[in-house]
Amino acid sequence: MAKKNNKNLNKIYKYPLPLIISSNSNGLNLNLNLNLPNLFPHNPISWIWYSIKLLYYNLRYDVPSNDDINVVYKDGIFKIENESSMRKIWRMGFFGKGVLSRSEPTWKERTLIRLNLIKTDKCKLTMEDITRQRRAERTDFKKKRQKLQDLELKKRKDEITDEELKEMDELDKILVEMRKASQVGSIGSGGSFDIEKDEEEDEEVEEVIREEDSKLIDSNGRLIQIEYVQLQFVETFFLKFALNTIKISNFANLTELFKVCCNHYSESNSINPDNKFILEYLVYHYYRSMGWCVRSGIKFGTDYLLYKRGPPFMHAEFCLLIMDLNSNNLDWFQVFTKARVVGSVKKTLVLVYVETPTIEEFNQVFYDNNEVDDEGLKFLKLFKLYKISEVIYKRWNPSRTRD
Amino acid sequence: MTTTNKVILPVINIDNDPEVLIFDLEVIKYLRIGLNVLGVLTGTLSTFPQQNLFLSVPLKLIIWEVIWLTENNKGILVDAKSYRNDKLKIGSVSKSKTTNNMVIIPSTDNNRNEELITKNQIDIKTFITKYLQNSNYTISKFINNYKYYKHLQNSGYFINPGIKFGGDLVIYPGDPLRYHSYSTIKFNFCDIDEIIVGGRLATSVKKNMILIGYEDENENDKRIDEIDDDVINDLYRNDKEPLTFSIEWSGFG
């Protein structure tokens with residue numbers, strides 16, 4: 001399931017979460033204790049030396065500030081609009097989705113290349129380009145293979161001409177090469193799909209910048225960023241509650257944020273223990289805390305996808321479906337369909353059952369005012385009332401599995 | 001009303017979970033060739049008890065097919081058990097041959113007894129009432145679903161149940177033995193989640209997904225235990241055609 005690996009990836013995605021733990025400006029881990037001189041109580045000079053060193057470290061290496069990602073809540077959406085924050089939140093833990101991109105916010109990069117506003121070398125392709133190219137290559141390969149098979153059929157029927165025989169040989173050779181190329185994993189080699197041609201087309205386009213494109217460029221000739229990153233509700237709450245690495249100006253405290261998230265899923269003002277947000281958040285937190293990269297599974301009709309490390313490294317291995325024990329919200333048609341879709345993309349469907357506490361138990365913790373000075377502790381206590389268990393669901397076809 | 005030109009739809013289990021099971025090969029042939037009604041073969045072949053691709057009699061008719069046949073006066077619901085018992089009483093059933101502990105019955109029933117058919121006829125109202133006792137349909141949903149089926153059946157499609165492909169029905173342009181299906185049908189308009197999975201699944205089996213529904217879903221808040229003439233009239237009434245939308249996924253490499 002591993003994708004084509006790139007040494008660069010390890011460098012770009014160095015941090016698994018948007019947290020930097022005590023590091024100097026070079027990004028090297030620094031153990032303060034080891035570098036400090038020994039302290040001898042009977043020797044005043046060592047005190048001075050120690051203080052100087054301590055001061056030096058404290059001045060030279062400032063504690064990295066983690067709290068510099070600003071999230072705004074607008075029209076029912078959690079947005080990150082700052083460009084460096086957008087990059088940071090994606091590169092450190094793969095949170096959010098660029099609203100004009102597949103996932104990583106690359107709209108600006110792509111548009112710069114499309115409008116030829118920066119000179120790029122050939123290799124600088126965006127992820128979307130690579131995907132498109134790979135797909136084009138595959139269709140091309142399939143077309144050629146089909147043609148070869150047609151010719152082979154003709155040969156068997158003895159209806160083949162010499163010319164076609166020659167063509168067949170050539171096709172065979174090309175296909176072998178293409179197969180090799182795709183195994184090695186180099187992009188753009190082998191097949192007839194070449195980047196050169198693409199660039200020529202680009203240059204033709206460049207001569208006339210379309211009217212709608214010209215609106216994207218400001219008076220200084222720079223491209224205006226119109227993309228923002230949208231965070232899921234669970235992602236926002238995770239970043240605030242579990243990591244505390246974001247600032248949300250709209251909300252005074254965690255409880256307020258929690259209430260808004262819960263009310264997004266249910267109309268009523270009171271929060272029930274089986275509120276869909278709570279269930280979704282618990283499952284999200286559960287898998288995040290076990291080291292998985294959790295992203296929305298809407299494209300396969302499930303609640304979440306689990307990635308090892310992250311989308312650029314591996315394909316998702318598991319699709320999660322949250323099952324509420326109290327309400328029976330899925331019928332067999334839906335389960336069948338989802339299982340078939342998940343199976344067809346070679347992933348495993350996991351049903352995640354969340355056991356909820358009773359409303360009394362829930363309210364007792366939620367409205368307990370003793371813990372007001374530390375909201376985090378209150379939510380910790382609240383979430384500990386829930387239990388999570390997992391079941392793997394597999395579609396099994398008896399007539400295909402029989403030997 | 002004459003019963004002679006109607007096929008017998010034998011109902012078993014009328015009191016609890018009624019089903020229409022057809023053993024008569026001639027009837028099955030007529031339904032399939034003459035009326036485009038497929039049903040589902042459910043019997044296992046005695047020689048190949050493990051395979052499940054080609055099944056044998058009895059043919060089970062799904063509920064929509066039963067209603068459609070009754071509505072169009074093509075079939076008549078008959079209580080299979082009492083009809084047969086009555087026929088045994090008057091001795092019009094030939095003695096079954098028995099060989100090697102197997103009872104061999106003729107594949108078609110040649111001596112219909114119109115009098116007994118009328119006597120053991122089951123009203124469609126009773127059938128639907130009993131059927132709905134075991135389901136969680138609401139009346140209005142039931143009526144709408146039948147109308148979607150009727151719309152497709154009257155358009156000349158061959159229809160199979162569609163759970164295999166995540167829909168409510170699968171439609172074929174001709175007999176499924178000769179044609180591939182290119183559409184799965186999903187009743188009523190559904191949420192985005194179902195559109196995503198439905199569309200993905202349909203595309204991966206080279207079909208498109210068709211959503212079928214009424215713009216204004218007419219509500220009928222009757223309880224399911226009171227199927228009366230109004231409900232049957234609602235079922236049979238030909239009002240406007242349902243809206244259909246087909247969805248195909250693009251962007252698959």
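Which helix of chain B is largely enclosed by the rest of the structure, and why? The first legend has the answer, and the others visit further spots in this predicted model.

**A note before you look.** In this predicted model, local features need pLDDT of at least 70 and side-chain atom pairs count only at pLDDT 80 or more, while totals for chains, interfaces and linings use all residues. Residues are numbered from 1 along each chain as its sequence is written, chains are lettered from A and ligands numbered from 1 in the order in which they are written, and side-chain values use heavy atoms, with hydrogens and water left out.

**View 1. Helix H2 of chain B is enclosed by its surroundings.** Helices (DSSP runs of H or I, at least four residues) and strands (DSSP runs of E, at least two) are numbered from the N terminus. Helix H2 covers residues 63–71 of chain B, and it is largely enclosed by the rest of the structure because nine of its nine residues are buried. Here, buried means under 20% relative accessible area, exposed means over 50%, and partly exposed lies in between (1.4 Å probe, protein chains only). Among the buried residues of H2(B) you can find Trp64(B), Trp68(B) and Leu69(B), along with the charged Glu65(B) and Glu71(B). Just after H2(B), look for Asn73(B), which takes a positive phi of about 55°.

**View 2. The annotated active site of chain B brings three residues together.** The UniProt annotation "active site", from an unreviewed entry, covers Tyr172(B), His180(B) and Lys207(B). They span 36 residues in sequence, yet no two of their C-alpha atoms are more than 10.8 Å apart, so they gather at one spot. Tyr172(B) sits in strand S9 (residues 169–172) of chain B, and with 13% relative accessibility it counts as buried. UniProt positions are given in the numbering used here, feature names are shortened, and annotations may be inferred rather than shown by experiment.

**View 3. A UniProt domain lies in chain B.** The unreviewed UniProt entry marks residues 13–79 of chain B as "domain: TSEN34 N-terminal". Over these residues the chain is 30% helix and 28% strand, and the end C-alpha atoms are 8 Å apart.

**View 4. Positive charge gathers in a surface patch.** The patch is formed by Arg102(A), Arg134(A), Arg135(A), Arg138(A), Lys142(A), Arg145(A), Arg179(A), Lys299(A) and Lys206(B). Patches are made of residues with over 30% relative accessible area and no salt bridge, with like charges joined within 9 Å and nonpolar side chains (Val, Leu, Ile, Met, Phe, Trp, Tyr) within 5 Å. Accessible areas come from the Shrake-Rupley method with a 1.4 Å probe, and for residues only the protein chains shown count as cover. Lys and Arg count as positive and Asp and Glu as negative, while His and the chain ends are not counted. The place of a charge is taken as NZ of Lys, CZ of Arg, CG of Asp or CD of Glu. Helix H6 (residues 127–156) of chain A gives the most to the positive patch, with five residues. Arg145(A) has its place in this helix and is partly exposed, at a relative accessible area of 32%.

**View 5. A negative patch also lies on the surface.** Glu152(A), Asp169(A), Glu170(A) and Asp172(A) form it. Helix H7 (residues 162–184) of chain A supplies the largest share, three residues, and Glu170(A) lies in that helix.

**View 6. Salt bridges link side chains in both chains.** A salt bridge is a side-chain nitrogen of Lys or Arg within 4 Å of a carboxyl oxygen of Asp or Glu, and the structure holds 17 of them over all chains. Lys144(A) pairs with Asp140(A), their closest N and O atoms being 3.2 Å apart. Both lie in helix H6 of chain A, four residues apart, about one turn of the helix, and both are buried. Lys74(A) meets Glu81(A) at 3.4 Å, N to O; Lys74(A) is partly exposed at 38% relative accessibility, and Glu81(A) is partly exposed at 39%. In helix H1 (residues 25–35) of chain B, Lys29(B) and Glu26(B) lie three residues apart, and their salt bridge is 3.9 Å, N to O.
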